[in-house]
Amino acid sequence: MDQDDHVCLCFRVSLRKLNTFLHCERPRVASELSECFGAGTGCHWCVPFLKELHRQWQNGQQCNLDEEKDDYARHRAAYRKRIGDSTKVDE
Ligand code: FES
């Protein structure tokens, strides 16, 4: 995933924004990433990925996701269909 790709597609929160938030705000728990432009508070698809980024950061690793942008979006669309999420957040 590139730095400008969106991890939270609902609220268009990029990997770069999340990395900046992690390094500046130093959240104690992954759920505090929701304070970064609402990441994870829409359809919740990205929550496991936010937790993974937080885990990497806690371990002093470079934060990134081994995900291709298009595959990530496609899997999220399937997830939303599966859960019956019809909210009109970012597609
Ligand atoms: S993709 Fe992050 S809450 Fe929906």
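1. Buried residues make up 42% of the 91 residues in the protein chain, and the reader should keep in mind that this is a predicted model. The surface that the protein chain exposes comes to about 5,800 Å², of which carbon and sulfur atoms supply 48%.

2. The secondary structure consists of 3 helices and 2 strands, and from the N terminus on these elements follow the order β-β-α-α-α. The radius of gyration is 13 Å, close to the 12 Å that the globule rule gives for 91 residues, so the protein chain is as compact as a globular protein of that length. Along its principal axes, the C-alpha trace spans about 35 × 25 × 20 Å.

3. The largest nonpolar core holds 24 residues, and those that touch the most other members are Val-7, Leu-18, Trp-45, Cys-46, Leu-50, Leu-53 and Tyr-72. Two or more residues of this core come from each of strand E1 (6-8), helix H1 (15-25), helix H2 (47-58) and helix H3 (69-83). If residues up to four places away in sequence are not counted, Val-7 touches, among others, Met-1, Leu-18, Cys-46, Leu-50, Leu-53 and Tyr-72.

4. His-54 deserves a separate look, and its place is in helix H2. Is His-54 buried or exposed? With a relative accessibility of 4%, His-54 counts as buried, because the cut-off for that word is under 20%. A polar atom of the His-54 side chain lies 2.9 Å from the backbone oxygen of Pro-27, and, not counting residues up to four places away in sequence, His-54 touches Leu-22, Pro-27, Arg-28, Val-29, Ala-30 and Leu-33.

5. Finally, on contacts along the sequence: among those in the protein chain between residues at least 6 apart, 50% join residues at least 24 apart.

Terms used: Residues numbered from 1 in each chain as written. Predicted model: local features only at pLDDT ≥ 70, side-chain atom pairs only at ≥ 80, totals over all residues. Heavy atoms only, no water. Core = buried A, V, L, I, M, F, W, Y, C linked by side-chain atoms within 4.5 Å. Buried < 20%, exposed > 50% of the residue type's maximum accessible area, 1.4 Å probe, protein only. Helix = DSSP H or I, 4+ residues; strand = E, 2+ residues; numbered from the N terminus. Contact = heavy atoms within 4.5 Å. Polar contact = N/O pair within 3.5 Å; in protein donor to acceptor, adjacent residues only side chain to side chain. Rg over C-alpha atoms; globule rule 2.2 N^0.38 Å. Areas by Shrake-Rupley, 256 points an atom, 1.4 Å probe, with all protein chains shown as cover.
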